[in-house]
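Here are a few exercises to work through with the model open in your viewer. Try each task before you read the solution.

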Amino acid sequence: MPIDGATEDTICAIATPMGEGGIGIIRISGRHATDIASKIVRLRTNGTLITLPSHTLHLADLISAPHANQAGHSHPSVMHEDIIDEGLVVYMKGPRSFTAEDVVEFHCHGNTTVLRRVCESCIAAGARLAQPGEFTKRAFLNGRLDLSQAEAVLDTIKAKSEFALGIAQRQLRGDLGRYVQELRTSLLSLQARIEAEIDFSEEEISFVTRDELRTSLRHIASQIQSVLDTARTGRALREGVRVVLAGPPNAGKSSLFNSLIRDNRAIVTDVPGTTRDLIEEAVIWNGLPITLVDTAGLRDTVDLVEREGIKRSRDAQAQGDLIIYLVDAGEVQKAGVSEFPFPQLEPKHLVVVNKIDVLTSLTIQPLCEEVEKRLCQRILPISTQTGEGLEQLKMAITSRFLTAAFESNEAVVITNVRHRVALEQAIAAIQLALSSIERKAQPELLSVDLHDAGDALGEIIGSITSDDVLERIFSEFCIGK
């Protein structure tokens with residue numbers, strides 16, 4: 001897809017994180033990339049930037065653009081010029097570059113002032129500062145990447161675990177795009193055969209039987225559904241999950257929090273109401289990024305500070321993906337299972353009975369069985385004092401989000417909400433088509449349904465898209481990418 005409009009400009013940006021570092025990179029992309037770069041480059045070897053072999057690094061002095069002259073040539077008296085830095089320059093001739101345009105990169109020292117001055121010199125020489133994600137957007141518009149690959153660039157940058165990085169890299173290589181394109185091609189082929197039958201309806205020629213159409217559509221829907229089934233796991237691996245520790249005071253939430261993160265982050269005392277604010281810590285279990293949240297104990301109180309903590313606790317539970325509701329085994333036994341004030345449980349609750357070390361071995365199992373019977377769900381007995389049950393708790397948490405069928409080397413995994421919605425729309429359109437077949441509807445109706453299904457799949461790879469969608473996607477990128 002050729003570029004047009006604003007993409008005629010030559011853009012520049014700092015491509016590495018700001019701050020001190022060994023190397024900092026400034027990138028220029030566009031039809032005038034070499035002309036602009038030549039104004040601020042003094043090669044240490046004879047020749048001009050345009051004559052350099054593509055994709056090779058060369059030592060150069062980088063100067064301020066207002067002082068540039070004899071563009072692109074080595075300069076015998078370079079000392080009188082305003083030298084910004086000594087670095088390496090590489091010219092990548094399009095379309096063999098990330099953006100498929102002419103690209104020049106300066107590899108300088110990773111100093112904020114150096115990078116800023118080089119970038120300002122590029123702008124003074126005729127470039128403009130790139131918008132967020134504009135380099136990747138150009139790669140998409142120039143046909144270098146499909147839209148799912150472009151989104152995978154951001155996923156690679158933001159990956160929080162090895163699993164998430166692996167999924168992003170497979171999508172960047174085009175695994176998802178190829179899979180979706182194959183499904184879309186199958187739908188368009190069926191649509192073409194139906195429309196051919198419409199065009200030759202007077203000759204009573206059948207290009208595809210209803211049985212063939214039904215079988216093909218069910219197979220395509222099954223393939224789409226198999227990918228959709230990975231969406232929940234994919235989202236969890238991409239974005240991570242929030243696991244909130246909740247329950248009454250002195251149930252052992254802070255002790256559990258410290259045990260799970262293997263550090264003494266939370267204050268632990270026998271005084272009820274010790275925890276007043278949220279405490280968070282990130283961990284990774286089985287490749288799943290998890291944010292653990294310790295919260296204030298839930299009870300009625302007149303203490304204004306503790307009441308604010310309890311309010312924050314309830315807010316955290318509302319926003320959490322999983323709530324570990326902790327109760328004290330001794331308190332449950334004392335009050336009686338039928339009388340203990342368990343909360344109104346939601347699907348995202350997991351009840352954990354702590355401090356089982358205070359019970360005898362003969363009373364633990366009957367107590368847990370009675371709690372499970374009352375709550376109608378499995379509970380987990382643990383002891384933060386002895387460590388009993390903690391590994392089982394970790395497994396229970398990760399199994400909520402990582403399906404048993406999921407494998408880290410699975411070829412196609414959905415991590416993006418936009419992709420999931422598009423696949424759901426495609427299946428809905430196919431189901432309408434199947435319904436039309438059962439009702440023996442006119443082929444024109446089938447053609448419309450298949451067209452809608454194909455368009456939904458096309459939105460994933462960018463064959464069908466809008467400026468609003470592109471703006472929303474690329475606005476999430478950093479400026480240098």
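**Exercise 1.** Which residue just after helix 15 takes a positive phi?

*Solution.* Keep in mind that this is a predicted model. Start with the helix: helix 15 covers residues 443–461, 19 in number. Step past its end and you land on G462, where phi is positive, at about 90 degrees.

**Exercise 2.** What span is expected for helix 15, and what does the model give?

*Solution.* Take 1.5 Å a residue, which leads to an expected 27 Å. Then go from the first C-alpha to the last: helix 15 reaches 28 Å, close to that expected value. Now look at the burial along the helix. Residues buried there include P443, D449, L457 and I461.

**Exercise 3.** Which residues touch the most other members of the largest nonpolar core?

*Solution.* The core holds 33 residues, and the ones to pick out are L187, L213, L217, I224, L423, I430 and L457. Next, ask where the core comes from: helix 6 (175–199), helix 7 (210–228), helix 14 (417–438) and helix 15 each give two or more residues. Helix 14 supplies the largest share, with nine. Finally, zoom in on I224. Skipping neighbours within four places in sequence, I224 is in contact with L183, L423, A426, I427, I430 and L457. There's also a second, separate core of 31 residues, with A251, L288, I324 and L326 among them.

**Exercise 4.** How many disulfides does a search of the whole structure find?

*Solution.* The search comes back with zero. Check C108: its nearest cysteine sulfur belongs to C122 and is 8.8 Å away. Then check C122, whose nearest cysteine sulfur is that of C12, at 4.9 Å. A disulfide needs the two sulfur atoms within 2.5 Å, so neither distance qualifies. As for burial, C108 has a relative accessible area of 2%, and C122 comes out at 0%. The cut-off for buried is under 20%, so both cysteines count as buried.

**Exercise 5.** Are the rings of F474 and F477 stacked, edge-to-face or tilted?

*Solution.* The structure holds two aromatic pairs. For F474 and F477, the ring centres are 5.5 Å apart and the planes meet at 40 degrees, so the pair is tilted. Both of these residues are buried.

**Exercise 6.** Which charged residues lie over the rings of F135 and F98?

*Solution.* Begin at F135: R27 lies over its face, 5.4 Å from the ring centre. Over at F98, the charged end of K481 sits above the ring, 4.5 Å from its centre.

Definitions and conventions:
Residues are numbered from 1 along each chain as its sequence is written. This is a predicted model: local features need pLDDT of at least 70, side-chain atom pairs count only at pLDDT 80 or more; totals for chains, interfaces and linings use all residues. Side-chain values use heavy atoms; hydrogens and water are left out. Rings of Phe, Tyr and Trp (its six-membered ring) pair if their centres lie within 6.5 Å; planes under 30 degrees apart count as stacked, over 60 as edge-to-face and the rest as tilted. Buried means under 20% relative accessible area, exposed over 50%, partly exposed in between (1.4 Å probe, protein chains only). A charge sits over a ring if NZ of Lys or CZ of Arg is within 6 Å of the ring centre and within 35 degrees of the ring normal. Helices (H or I, at least four residues) and strands (E, at least two) are DSSP runs, numbered from the N terminus. The expected span of a helix is 1.5 Å times one less than its number of residues. A nonpolar core is a set of buried Ala, Val, Leu, Ile, Met, Phe, Trp, Tyr and Cys residues joined through side-chain atoms within 4.5 Å. Contact means heavy atoms within 4.5 Å.
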